[in-house]
Amino acid sequence: MVSFALHGVGVSGGIAIGRAQLVSHATLEVAHYVVPPRQIPAEVERFSTAVKEVQRELEALHLAMTSGDVPGEFGAFLDVHWMILNDPTLSDAPKKIIAEQRCNAEWALTQQMGVLVEQFDQIEDPYLRERKADVVQVGERVLKRLMGKRGATAANAEEQTILVAHDLSPADVIQFKHHHFAAFLTDLGGVTSHTAIVARSLNVPAVVATHNARQMIRDGEMLIVDGGNHVVIVNPDRAVLAEYRLKQNELEIARQKLKRLRTKPAETIDGELVELEANIELPDDLPQALENGAMGVGLFRSEFLFLNRDGLPSEEEQFEAYRKVAEGMEGKPVTIRTFDLGADKQHELLEGLTRVAPNPALGLRAVRFCLAEPKLFLTQLRAILRASHYGKVRILIPMIASLGEIDQTLAMIEHAKESLREQGAPFDPGVAIGGMIEIPAAVLSISAFVRKLDFLSIGTNDLIQYTLAVDRSDETVSHLYDPMHPAVIKLLALAIGSANRMKSPIAVCGEMAGELAMTRLLLGLGLRNFSMHPSHLLTVKQRVLQTEVKALMPVVDRMKRVDDPAKLISLLDRLNA
Ligand code: PEP
Ligand code: MG
């Protein structure tokens with residue numbers, strides 16, 4: 001077998017060795033394996049359980065609808081899905097296929113879906129023919145359930161599986177949190193695309209922007225993914241494999257050593273205390289944040305509660321999620337960002353509202369979307385406020401561009417508080433409200449923003465995108481996405497400097513906060529609060545402990561004024577030497 005290397009952009013470090021599993025654009029390709037005769041009853045049972053789980057999901061959606069959290073017109077669509085799910089052609093036929101063909105449940109279900117789709121294609125009546133899409137959706141729902149709980153045979157096979165995809169949406173990636181893939185490759189994707197951010201949160205090595213990995217690699221081929229060095233080796237020979245196994249061990253030893261820093265305060269040599277907090281997507285990410293000594297949650301990307309599901313999360317469901325995190329952090333700050341939907345994070349139910357905008361990153365996204373959908377926004381605000389009774393919760397508003405948006409949001413929060421007061425529901429009346437600085441206009445308006453908000457958090461991922469007019473999820477312009485562009489550094493200096501002068505707390509919660517190469521620069525610019533993916537917390541802490549801020553200042557002061565990109569890079573190297 002020919003051995004070759006593919007280069008991309010490593011978005012999550014570490015080394016993984018395993019076999020390739022190619023996945024299609026959006027959904028996992030269904031594995032096919034033989035089930036031994038004695039395991040057939042268990043496999044049939046696994047299928048029945050998945051169907052029951054989907055039944056419960058649909059029931060929950062009905063409930064959400066009657067409580068007004070889901071628009072009424074979805075009732076009809078839920079009824080159709082319920083009927084399809086309970087029809088023997090979908091809920092029984094696959095069981096026969098499992099027994100007859102001795103195959104796994106996923107395979108049996110996909111076979112049966114194929115048969116049904118073919119039957120629908122032959123129907124003359126256009127309305128009925130269109131119900132094919134519903135059959136597929138219901139089938140995929142059961143499939144997702146099955147794939148979340150693989151049978152014994154597949155689970156073992158999965159341990160050393162490396163996912164190879166052309167492209168994946170953030171929603172696809174978050175779905176993989178329930179699987180045990182050893183690493184992750186995609187043809188497309190930029191470093192700060194949401195797909196990459198979520199891939200990082202899977203805590204496995206990941207390389208994106210490989211251009212044609214999906215075409216070059218075949219199912220089952222042996223791969224080495226070296227995220228730190230942005231490389232993938234296909235069909236490595238024995239010597240290369242041995243070398244990488246050694247490297248893997250070394251990395252593991254270094255990781256174990258770092259763990260000793262978990263409870264140590266992050267303090268520079270000259271006594272500057274630095275707060276290191278975690279970015280999370282779902283409550284399940286909390287243990288990892290705590291294991292890595294997070295002093296709080298600096299960014300809870302709450303919109304992930306809205307992805308990969310049919311209905312919208314009710315106030316109750318959101319409240320439970322927020323409360324879990326608030327309680328889990330035991331009094332440490334938990335910064336819940338109100339949902340940043342739109343652009344690359346879409347929800348099926350909202351698609352009609354957010355549309356496929358001509359220019360989604362500049363469209364109805366984040367706070368704009370929240371203000372355009374006050375009912376949804378109010379539901380979330382009430383849920384967050386209720387959770388504030390159980391810990392130190394803070395509310396963070398994404399993508400603010402103007403004072404008007406701040407005023408409208410503050411009014412909505414007041415309204416939510418009022419409605420809770422009327423019901424006698426407890427909440428923290430002094431809950432801090434902050435804004436994300438992600439648009440150049442926000443940096444230039446920062447003094448006005450500071451007067452209205454309790455804290456600020458710079459979203460460098462978007463700030464870079466909007467400053468340079470480079471779509472962060474578009475791989476074709478990823479070479480232009482430059483965190484070290486002099487304009488970006490000047491904006492950061494302005495934002496951090498202004499907030500510090502006005503004594504307003506300011507953090508960075510974009511990917512830059514977790515990049516070791518940027519730690520000293522950010523410290524020198526006056527930043528004392530970093531929020532990042534939990535897996536970076538200890539390495540950044542180590543760097544803080546080895547830094548004397550005073551000694552950085554002459555170089556950082558020059559960096560604030562430099563216009564020549566090459567000069568800027570050489571000064572950065574000097575800081576990190
Ligand atoms: C950012 O833009 O830097 C940020 C933290 O928000 P997100 O990556 O979710 O857009
Ligand atoms: Mg952002």
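**Exercise 1.** In this predicted model, find which residues of α23 meet which residues of α25.

*Solution.* Start on the α23 side: R520, L521, L523 and G524 make the contact. Their partners in α25 are V549, L552, M553, V556 and M559. Now sort these residues by class. The contact of α23 with α25 divides into 7 nonpolar, 1 polar and 1 charged.

**Exercise 2.** Describe how α23 and α25 are oriented.

*Solution.* Locate the helices: α23 spans residues 516-524, and α25 spans residues 549-561. Take the angle next. The two pack at about 90 degrees, with axes 8 Å apart. Angles of 65 to 115 degrees count as roughly perpendicular. Therefore α23 is roughly perpendicular to α25.

**Exercise 3.** Repeat the analysis for α25 and α26.

*Solution.* Helix α26 covers residues 565-576. Its axis lies 10 Å from that of α25, at an angle of about 165 degrees. The cut-off for roughly antiparallel is over 145 degrees, so α25 is roughly antiparallel to α26. The crossing is left-handed. From α25, the contact uses L552, V555, V556, R558 and M559. From α26 come K567, L568, L571, L572, R574 and L575. By class, that gives 8 nonpolar, no polar and 3 charged residues.

**Exercise 4.** Identify the residues that coordinate the magnesium ion (ligand 2), and place them in the chain.

*Solution.* The donors are E438 (OE) and D462 (OD), at 2.0 Å. E438 sits in the loop between β13 (432-437) and α19 (440-444). D462 belongs to helix α21 (residues 460-468). The pair is 24 residues apart and links distant parts of the chain. Finally, check accessibility: both E438 and D462 are buried.

Technical notes
Residues numbered from 1 in each chain as written. Chains lettered and ligands numbered in written order. Predicted model: local features only at pLDDT ≥ 70, side-chain atom pairs only at ≥ 80, totals over all residues. Heavy atoms only, no water. Donors = N, O, S within 2.8 Å, 3.2 Å for Na, K, Ca; no water. Helix = DSSP H or I, 4+ residues; strand = E, 2+ residues; numbered from the N terminus. Buried < 20%, exposed > 50% of the residue type's maximum accessible area, 1.4 Å probe, protein only. Axes fitted to C-alpha atoms, helices over the stretch in contact; angles between N-to-C directions. Parallel < 35°, antiparallel > 145°, perpendicular 65-115°, else oblique. Contact = heavy atoms within 4.5 Å. Nonpolar A, V, L, I, M, F, W, Y, C, P; charged D, E, K, R; others polar. Left-handed = near helix turned anticlockwise from the far one by under 90°.
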